[in-house]
Amino acid sequence: MKIYDLPDKHGHFGPYGGTFVAETLIAALDELLAQYRHFRDEADFQAEFTHELKHYVGRPSPIYHAKRWSTHVGGAQILLKREDLNHTGAHKINNTVGQALLAKRMGKTRVIAETGAGQHGVASATVAARYGMECIVYMGSEDVKRQATNVYRMKLLGATVIPVESGSRTLKDALNEAMRDWVTNVENTYYIIGTVAGPHPYPMMVRDFQAVIGREARVQMEEEYGRQPDALIACVGGGSNAIGLFYPYIEDNNVRMIGVEAAGKGINTHQHAATLVTGRPGVLHGNRTYLIQDDNGQIIETHSISAGLDYPGVGPEHAWLKDCGRAEYVAVTDEEALSAFHALCRFEGIIPALESSHALAYAAKLAPALGKDQLLLVNLSGRGDKDMITVAQQSGIVL
Amino acid sequence: MNRITSTFSNLKAQNKKALIPFITAGDPEPKMTVMLMHALVQAGADIIELGIPFSDPMADGPTIQRSSERALHYHVGLTDVLTMVTEFRKTNSVTPVILMGYANPIEAMGHGNFAMAAKKAGVDGVLIVDYPPEECEEWVQQLQDQKIDPIFLLSPTTPKRRVEKVAKLAKGYVYYVSLKGVTGASHLNLVDVSNKLAEVRSLISIPIGVGFGIRDSVAARAVAELADAVVVGSRIIEEIENSTRSALLDNVNNLVKSLRTALDEVNSTNSSQILHASRL
């Protein structure tokens, strides 16, 4: 691939991305873009971001060779980028630290966030506490019920969690409600979007903050293995952990990039969240991208065992990487993800997040077809402590 | 001269302001929509804004969200909305109908297909909330090819250079969002509206409608002092929501009549007094 310099100045990744919002939000997005462009190259900002990632988040996260599991699976060696070891237990914190530092410099005293499973809500509440800002988290009322522990975690961190009763009462509705708050309180409020979706500049900005994952991986792979991996594998809901790993590899055509979506109960049922595998392009949440929608252009409710992948859209850069063929997108079912979840627990003593278990499941499918000298780098984007109740339920156990 | 232009020029000749009610197509149920449209006209509406239901109405407050949900309960799609307009046009060939909604249902039908079907149905203008001027060059062209007016939003935070950009694209009228927030909010500040409208008017020659947050006759009259048209949405939807089916048409009729009366008082009363009174 020739020099990759997307998005263009209007936030487009080919036909995707852009700024599809009501006029009432344009000024806020213009301000955000101008401030982000100003600070992202500023030495002081970068130094503080790097310092926080090291001392607060605990970076760099190691690359770990899952030897026993690789042997059990057979074929290629499976390496794990350990984002699960980050403070708060997932990659989400990389982005919220970056955006909180920006919010602080913009003089905002109040941050808002949307959350599905609660991971981004927790990461936002965490940085709001760390930097002394008020924090409001919008969460679908269905999710509030399903994720009681994370709701309490956010409250402990000082955030206010507002249950959203509109629409399907899940992540997409929480995002709608956060946008409504932002448009009403734009003077003092910074909206921390948790994934590489939303209007420009969010997909670019969140990618830039998450790209630390791939930059570290390049250095670590060279140091430990003397070469880069043959393939990168990451789960894709909105797609922030995947882009974070992929981005520094985009021009490196020798490295396959594979995004793994949630096939839920199967892509032939209506209960999945495999947006790139089954959806078609449209406009939602401020950008043009692939969507799971009906013939009338209404957004359809999605399903995944993993709340973090349960989203009917996907980041516009993934839409572009799919169309231009640079990345491949596949889907694995709830059942396959659960099986990989248990395997990693037993063979490696690592409890992965259900989201990340989708990437693991695909690695386990791909590895046997490859030689033992091949290296698959899987982004272990989060730890599974939050998923105890869900996994127990699947085994018919009440905790 | 198209229906929108002739409506505004007739009103101007009579020294009157345009009343533009908004309802969502298919709310509270599909068979009521055309009846409601006729009732709005009978009560004194000059232009009708008809909402295209959408699953994710990001710029709307809870009232209009619920109206979309009620319509979607009956699976009302864009094709159904156009059928309703066709039905309305069978007995009304003068009142302009503006479709208002979000991009995705339009994209699902395709810009060109939509523009042709909308023209055939008798649609006069279209306002797509999440198509700002930067993202809709091709869309505007498709509408213009069918002689449908592209309507655009302006907001309190729209800088001058963007107003100028909108001035080049917009036809029919522009819709000034009177407050920072979503539809149905209740913190309208008339002094702010007045100041910003003066700037907008110096840059835009087509009529200016004002909406978001106009909840009663007093506010409607005060806004009519400043604008060419007053858009009322959430308040009418509340009336639809709170009425029994048998009383619905009468209740909406009474509400719209009271708004009409308020608008028509504008040029017969001392305007500064109204503005003052409405601030209280």
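Okay, let's start at the interface: between chain A and chain B there are 19 residue pairs in polar contact, counting pairs with both residues at pLDDT 80 or more. And yes, that cut-off is there as this is a predicted model.

Which elements of chain A sit on that side? Those giving two or more residues are β2 (16–20), α1 (23–40), α8 (171–184), β11 (280–284) and β12 (286–291). The largest share comes from α8(A), with 8 residues. If you sort the side of chain A that touches chain B by class, you get 11 nonpolar, 15 polar and 10 charged residues.

Now the overall numbers. On chain A, 36 residues are in contact with 39 residues of chain B. The buried area between the two chains is about 2900 Å², and carbon and sulfur atoms give 49% of that. Three residues are worth clicking on here: Glu23(A), Arg180(A) and Gln298(A) supply 24% of the area chain A buries against chain B, more than any other three.

There are also 3 salt bridges between chain A and chain B. In one of them Arg288(A) pairs with Glu107(B), with the closest N and O atoms 2.4 Å apart.

While we're on that side of chain B, have a look at Asn104(B), in helix α5 (residues 103–109). Is Asn104(B) buried or exposed? Buried, with a relative accessible area of 0%. Leaving out residues up to four places away in sequence, Asn104(B) touches Gly282(A), Val283(A), Leu291(A), Gln293(A), Gly297(A) and Ile299(A) from chain A, plus Phe54(B). One of those neighbours comes with a distance: the backbone nitrogen of Val283(A) lies 2.8 Å from a polar atom of the Asn104(B) side chain.

Okay, over to chain A by itself. An unreviewed UniProt entry annotates residues 58–382 of chain A as "domain: Tryptophan synthase beta chain-like PALP". In the model that span is 41% helix and 21% strand, and its end C-alpha atoms lie 14 Å apart.

The unreviewed entry also marks Lys92(A) as "modified residue: N6-(pyridoxal phosphate)lysine". You'll find Lys92(A) in helix α4 (residues 92–105). With a relative accessible area of 17%, Lys92(A) counts as buried, because the cut-off is under 20%. Its contacts, again without residues up to four places away in sequence, include Gln119(A), His120(A), Thr195(A), Gln210(A) and Ser240(A).

Gln210(A) takes us to helix α9 of chain A, as it is one of that helix's buried residues. Why call this helix largely enclosed by the rest of the structure? Because 9 of the 9 residues in α9(A), residues 202–210, are buried. Among them are Arg207(A) and Asp208(A), which are linked in a network of salt bridges with Arg40(A), Asp41(A) and Glu317(A).

Last topic, salt bridges in general: the structure holds 44 over all chains. In chain A, Arg105(A) and Asp44(A) meet at 3.1 Å, N to O. That pair links helix α4 to helix α2 (residues 43–57), across 61 residues of sequence. Arg105(A) is partly exposed at 21%.

Compare Lys81(A) and Glu216(A), which meet at 2.7 Å, N to O. Here strand β4 (residues 77–82) is linked to helix α10 (residues 212–225), and the two residues are 135 apart in sequence. Lys81(A) counts as buried at 0% relative accessibility, and Glu216(A) counts as buried too, at 13%.

That's it from me, questions welcome.

How values were computed
Residues numbered from 1 in each chain as written. Chains lettered and ligands numbered in written order. Predicted model: local features only at pLDDT ≥ 70, side-chain atom pairs only at ≥ 80, totals over all residues. Heavy atoms only, no water. Contact = heavy atoms within 4.5 Å. Buried area = accessible area lost by both parts, 1.4 Å probe. Salt bridge = Lys/Arg side-chain N within 4 Å of Asp/Glu carboxyl O. Polar contact = N/O pair within 3.5 Å; in protein donor to acceptor, adjacent residues only side chain to side chain. Helix = DSSP H or I, 4+ residues; strand = E, 2+ residues; numbered from the N terminus. Nonpolar A, V, L, I, M, F, W, Y, C, P; charged D, E, K, R; others polar. UniProt positions renumbered as here; feature names shortened; annotations may be inferred. Buried < 20%, exposed > 50% of the residue type's maximum accessible area, 1.4 Å probe, protein only.
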